[in-house]
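Dear colleague,

I am passing on the structure below, and I would be glad if you could look through it alongside the notes that follow.

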Amino acid sequence: MTERISVAGSGAVYPVSALCAGVALWWALTALGDIPPFLLPAPDAVVARLAGNPELYLVNALFTLEKVVYGGAIGIGAGIALAAFVAYVPWFRRAVYPYLVTVRVLPKLAIAPLLLIYLGTGMTTAIVFVALITFFPLVLNTAAGLDRTPTAHHDLLRSVDAGPIERILYVDVPYAIPDIFAGLKQSVTLAVVGAVVAEWVVADNGLGFLILMGSENVRPDVMLAALVVLLLVGLALYGIVVLVQRRVHERLGLETLD
Amino acid sequence: MIDLESVGVAFDEFTAVADVDLGIDDGEFVTVVGPSGCGKTTVLRAIGGLQEPTTGRVTIDGRSPSVAQEAGDVGFVFQQHTLLPWKSALENVVFLRKMADKPPDREGARALLETMGLDGFEDARPAALSGGMKQRVAIARAIHLGADVLLMDEPFGELDEITRDELGVEIRSLWRRERKTIVFVTHSVPEAVFLGDRCVVMCDRPGRIEATFDIDLPGPRDTESLGSGAFQEQVAAVRRTLHESYD
Ligand SMILES: Nc1ncnc2c1ncn2[C@@H]1O[C@H](COP(=O)(O)OP(=O)(O)OP(=O)(O)O)[C@@H](O)[C@H]1O
Ligand SMILES: [Mg+2]
């Protein structure tokens, strides 16, 4: 996987061309094909929809973003904290780690309706759900990362009687940085998925709600417009993580491989 | 003064080292040589307080190794390279001293790297250094720590012969300057003879000291002395002991 967020450089020529070709194909299909516009609106109709009522999409994008940011922050924070326990408390690791690994196969989306019953139809349900879904990639990646320090490095610190806090802060954490970012990238993607699913279940507001309404009223143009905004939100969040990762990796002299 | 009194180390049922008695004076350069798996690393770790002996005891200047560790008196150079990949050569050297809670001395670290032939590479990260340079940094780090005792576990194990000889000469001159107590583990007999004032020969099953040689070489030790007759004789004598222990 190569990800070049910047459009500069010759590396962007191919993907940008592919995008243009895709949009052109879509447009040709609507213009030349025999598809009724209410089923598949032309690209320009979707743009017109966005331009016609920007507040609607902006306001709902902010609602979705709010869930992503609050839920994500809680999930990521809790994930890193639990990872530290898994990495440094042997009995805790033995008791909990097998379940953390097993729960991975559980489709977390299936929990959303349950949360609805426990937490009601408010913002809380969405935030808790996003937190839950972002939590797992961070725990597993971070715990693996904190384990990565070669034992000889631990011996080195022991030989000067350095304490566990120093060891964790100065050695284990830097070694875990690439894994933490791998977890963050998964989490940030899942956070958007989680927010949309929560909006379908709770049906209060946000881009997910907009898509749900569009579906009920058979308005593909509204749905596609909301999807485009959703894509931009997801890309922006992912882009932020990648940029921070580049910065941190640069400072640590690590290569950013993916 | 390092003192090992009938030190034994067992891992579960397996006796790795048995009944090692060894006294090392301040400022002495002692080499330990023996076949792979005979317990050299285990003995070194016991001296440095990284491995608790199952029997017997180790003291460094009358203190237990863990007390010596606390005082920052134990400088380890490991066989595997243990430089932090995200820190520059200079930062790595400074780092260990900081971890030992000793007052920082960046200028001293810089000067030390220079005397070890690393000027111009202070700000390079380990990935940009050759194997020999990395070991030089690791040795500089142990010296900069200011420990009286340097414990080196096959520090040149992964280096080519030319670099090994070169670093050997450097270690000797460093030792003359700094007057540290050095315990140097190797599986190379010529290296053990060239470096040590005293060479401890170990055998396995169980790991123990087979013999101790006082190495007496005329003149200063440089690459010339590697070809001298006295050197060759000493090497042959140590080899004989090693092979005899297997008959
Ligand atoms: N932590 C451990 N647990 C179990 N056995 C161990 C452990 N450490 C060392 N041993 C065993 O003790 C013996 C001596 O090991 P040691 O590492 O001291 O040998 P060595 O002389 O340093 O060998 P080499 O030259 O290959 O480094 C070996 O048989 C090894 O398998
Ligand atoms: Mg060894």
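**What was found**

Residues 57-241 of chain A are 84% helix and 0% strand, and the C-alpha atoms at the two ends of this stretch lie 24 Å apart. Please keep in mind throughout that this is a predicted model. The same residues, 57-241 of chain A, are listed by UniProt, in an unreviewed entry, as "domain: ABC transmembrane type-1".

The other part I looked at is the surroundings of ligand 1, where the residues are F11(B), F14(B), A16(B), P35(B), S36(B), G37(B), C38(B), G39(B), K40(B), T41(B), T42(B) and E154(B). Sorted by class, this shell is made up of five nonpolar, five polar and two charged residues.

Three of these residues deserve a mention for the distances they show to oxygen atoms of ligand 1. For G37(B) a polar backbone atom is 2.8 Å from an oxygen atom of the ligand, while for K40(B) a polar side-chain atom lies 2.7 Å from a ligand oxygen. In the case of T41(B), an N or O atom of the side chain is 2.6 Å from an oxygen atom of ligand 1. On its own, ligand 1 has 630 Å² of accessible area, and the protein covers 60% of that area.

As for secondary structure, the elements of chain B that each give two or more residues to the shell around ligand 1 are β2 (14-24) and α1 (40-48), and it is α1(B) that gives the most, with three residues.

With best regards

Terms used:
Residues numbered from 1 in each chain as written. Chains lettered and ligands numbered in written order. Predicted model: local features only at pLDDT ≥ 70, side-chain atom pairs only at ≥ 80, totals over all residues. Heavy atoms only, no water. UniProt positions renumbered as here; feature names shortened; annotations may be inferred. Helix = DSSP H or I, 4+ residues; strand = E, 2+ residues; numbered from the N terminus. Near = heavy atom within 4 Å. Polar contact = N/O pair within 3.5 Å; in protein donor to acceptor, adjacent residues only side chain to side chain. Areas by Shrake-Rupley, 256 points an atom, 1.4 Å probe, with all protein chains shown as cover. Nonpolar A, V, L, I, M, F, W, Y, C, P; charged D, E, K, R; others polar.
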